[in-house]
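Thanks for making the time this morning. I would like to take you through one structure, and I will try to keep to what can be read from the atoms.

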Amino acid sequence: MTFPLDRPANLAIFASGRGSNMDAIVRAFPPENSFAHVVMVMSDNAQAPALHKATALGIASYHSSFPLRKHDPTGHGRQVFEQAATAYLCHHSVDLICLAGFMRIFSAPFNDAWRGRILNIHPSLLPDFKGLYPQRQALKAGVTESGCSVHYVDAGVDTGPVILQRRVPVYPDDTEDSLAERILREEHIAYPAALRLVLSGQASYQALIREASCG
Ligand code: GRF
């Protein structure tokens, strides 16, 4: 599949928690938008506020358990989630998956099947501070600038090609919460902006990979 499409793209959002990025995407791409609209939301957490907000907005919302790796040594739980997700994604003819605070890692076959069509947002200027607690990592490192990155998902954790970043200052008296809040405001601008780049064909996975390897 290559973007732009000759019709609005169908977006799926996967979220484990609060869902403020989900909100920002839904607001940026309402049902009448010509670029895209959100056709489904899925969570591994039945109590996720994101799921309840999506239901209230009339968006098809789904839950399936996705146990942590340490509780799922054979990967069976992950497989059950991915099978359910695949059925819902196909049912809604989803073009692009947006991870927005989704706290689980997909298997290699799932990532391969959706390569170039899964986006994630991370609250740091990647490649710095991948993984958990990036704001804490940034404060510990003593950086004076941080931000957020929207990137394609690949086999690693927060390692895929970056589509767009937005920067914020880090102040000496910042706490993890104050920094997270400043970054989050930028996330709500960054995710819709990155989606516009992808959907208009200006930031394809292949082009970004090529740029990274050839300069
Ligand atoms: C955001 O900071 C996002 O970058 C990170 O998880 C947080 C999710 O927040 N991956 P929300 O659920 O979108 O409010």
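I will begin with the chain as a whole, then turn to the ligand, and finish with some points about the backbone.

Please keep in mind throughout that this is a predicted model. The chain holds seven helices and seven strands, and if you follow the elements from the N terminus on, they run β-α-β-α-β-α-β-α-β-α-β-β-α-α. The C-alpha atoms fill a box of roughly 50 × 40 × 35 Å along the principal axes. For 215 residues, a compact globule would be expected to have a radius of gyration near 17 Å, and because the chain comes out at 17 Å, the two agree.

Now to the ligand, where you may want to ask which pocket it takes up. The space that the ligand occupies is the largest pocket, and two elements, α1 (20-28) and β5 (118-122), each give two or more residues to the shell around the ligand. The residues surrounding the ligand are R18, G19, S20, N21, G101, I121, H122, P123 and E187, and sorted by character, this shell divides into two nonpolar, five polar and two charged residues.

Which atoms come up to the oxygen atoms of the ligand, and at what distance? From G19, a backbone N or O atom lies 2.8 Å from a ligand oxygen, and N21 likewise places a backbone N or O atom 2.9 Å from an oxygen atom of the ligand. With E187, by contrast, the atom concerned is a polar one of the side chain, and it lies 2.7 Å from an oxygen of the ligand. As for cover, the ligand has 360 Å² of accessible area on its own, and the protein covers 85% of that.

Let me close with the backbone. As background, most peptide bonds are trans, and most residues other than glycine have a negative phi. Here, F3 and P4 are joined by a cis peptide bond with omega at about 5 degrees, and P4 sits in the segment before β1 (9-14). Another cis peptide bond joins L126 and P127, with omega at about 15 degrees, and P127 belongs to the loop between β5 and α5 (134-141). The loop between β5 and α5 also contains F129, which has a positive phi of about 60 degrees although F129 is not a glycine.

That is where I will stop, and I am glad to go back to any of these points.

Key: Residues are numbered from 1 along each chain as its sequence is written. This is a predicted model: local features need pLDDT of at least 70, side-chain atom pairs count only at pLDDT 80 or more; totals for chains, interfaces and linings use all residues. Side-chain values use heavy atoms; hydrogens and water are left out. A residue is near a molecule or strand if one of its heavy atoms lies within 4 Å of it. A polar contact is a pair of N or O atoms within 3.5 Å; within protein, one must be able to donate a hydrogen and the other to accept it, and residues adjacent in sequence count only if both atoms are side-chain atoms. Accessible areas come from the Shrake-Rupley method with a 1.4 Å probe; for residues, only the protein chains shown count as cover. On a 1 Å grid over the protein atoms alone, a cavity is a set of points where a 1.4 Å probe fits but cannot get out, and a pocket is an open set with protein on both sides within 12 Å along at least five of seven lines; lining residues have an atom within 4 Å of a point. A molecule sits in a cavity or pocket if more than half of its atoms lie within 2 Å of its grid points. Helices (H or I, at least four residues) and strands (E, at least two) are DSSP runs, numbered from the N terminus. Ala, Val, Leu, Ile, Met, Phe, Trp, Tyr, Cys and Pro count as nonpolar, Asp, Glu, Lys and Arg as charged, and the others, Gly among them, as polar. The radius of gyration is taken over C-alpha atoms; the globule rule is 2.2 Å times the number of residues to the power 0.38.
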